[in-house]
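Below are some notes for a colleague who is opening this structure for the first time. They go from the overall fold to single residues.

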Amino acid sequence: MFVVTITYTKPIEAIEAKTVEHRAWLDQHVASGLVIAAGPMVPRTGGILIVRSGGTKEELIALLKDDPFQVADLATYTVTEFNAGKLNPALAPFA
């Protein structure tokens with residue numbers, strides 16, 4: 001599995017101008033089952049994505065380049081891969 005940390009690099013007004021496009025991009029990946037959870041950090045300095053396993057880190061990094069926040073150079077992305085040693089049984093299909 002992966003945790004993606006999105007860190008905003010531009011003012012929040014620039015982020016908000018692209019939020020609708022970013023959420024539409026997320027919607028397609030939530031619908032496909034790739035993204036398990038997504039949301040803004042508190043305070044809103046970026047966001048977090050929880051991504052299922054099944055692909056490589058490199059494939060995920062390539063996919064993230066299509067996120068409107070990244071296309072518009074509004075944020076940086078850190079991808080952390082981890083092995084879920086403990087997993088709630090409800091999440092087993094995503095591991």
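**Notes on the fold and its details**

1. Read from the N terminus, the elements of the protein chain follow the order β-α-β-β-α-α-β. That gives three helices and four strands. The model is a predicted one, and the points below should be read with that in mind.

2. Overall dimensions come next. The C-alpha trace spans about 40 × 25 × 20 Å along its principal axes. The radius of gyration is 13 Å, which agrees with the value near 12 Å for a compact globule of 95 residues. Of the 95 residues, 27% count as buried. Among contacts with a separation of 6 or more, 73% are between residues 24 or more positions apart.

3. Which residues touch the most other members of the largest nonpolar core? They are Val-4 and Leu-64, in a core of 17 residues. Two or more residues of this core come from each of β1, α1, β3, α2 (57–64) and β4 (75–81). Strand β1 gives the largest share, with four residues. As background, nonpolar side chains in soluble globular proteins tend to be buried together.

4. Leu-64 deserves a look of its own. Apart from neighbours within four places in sequence, Leu-64 is in contact with Val-4, Trp-25, Leu-49, Gln-70, Tyr-77 and Val-79. One of these partners, Val-4, is the other residue that touches the most members of the core.

5. Val-3 belongs to strand β1. Is Val-3 buried or partly exposed? Its relative accessible area is 23%, and buried means under 20%, so Val-3 counts as partly exposed. With neighbours within four places in sequence left aside, the contacts of Val-3 are Ile-48, Leu-49, Ile-50, Thr-78, Val-79, Thr-80 and Phe-82. Leu-74 lies 71 residues from Val-3 in sequence, and the C-alpha atoms of the two are 19 Å apart in space.

6. His-29 sits in helix α1. This histidine has a relative accessible area of 10%, which means that His-29 is buried. Not counting residues up to four places away in sequence, His-29 touches Leu-34, Val-35 and Leu-63.

7. The largest pocket has a volume of about 180 Å³. Its lining has 15 residues, and those closest to the pocket centre are Tyr-8, His-22, Leu-26, Gly-39 and Pro-40. At least two lining residues are supplied by each of β1 (2–8), α1 (12–31), β2 (35–40) and β3 (46–51). By type, the lining divides into eight nonpolar, five polar and two charged residues. Strands β1 and β3 and helix α1 thus appear in the pocket lining and also among the elements that give residues to the core.

8. Two backbone details in loops should be checked by eye. Val-42 and Pro-43 are joined by a cis peptide bond, with omega at about 0 degrees. Pro-43 is located in the loop between β2 and β3. The other detail is at Asp-73, which is not a glycine but has a positive phi of about 60 degrees. Asp-73 lies in the loop between α3 (68–71) and β4.

Key:
Residues are numbered from 1 along each chain as its sequence is written. This is a predicted model: local features need pLDDT of at least 70, side-chain atom pairs count only at pLDDT 80 or more; totals for chains, interfaces and linings use all residues. Side-chain values use heavy atoms; hydrogens and water are left out. On a 1 Å grid over the protein atoms alone, a cavity is a set of points where a 1.4 Å probe fits but cannot get out, and a pocket is an open set with protein on both sides within 12 Å along at least five of seven lines; lining residues have an atom within 4 Å of a point. Grid points are joined across faces, edges and corners, and a volume is the space filled by probe spheres set on the points. Ala, Val, Leu, Ile, Met, Phe, Trp, Tyr, Cys and Pro count as nonpolar, Asp, Glu, Lys and Arg as charged, and the others, Gly among them, as polar. A nonpolar core is a set of buried Ala, Val, Leu, Ile, Met, Phe, Trp, Tyr and Cys residues joined through side-chain atoms within 4.5 Å. Buried means under 20% relative accessible area, exposed over 50%, partly exposed in between (1.4 Å probe, protein chains only). Contact means heavy atoms within 4.5 Å. The radius of gyration is taken over C-alpha atoms; the globule rule is 2.2 Å times the number of residues to the power 0.38.
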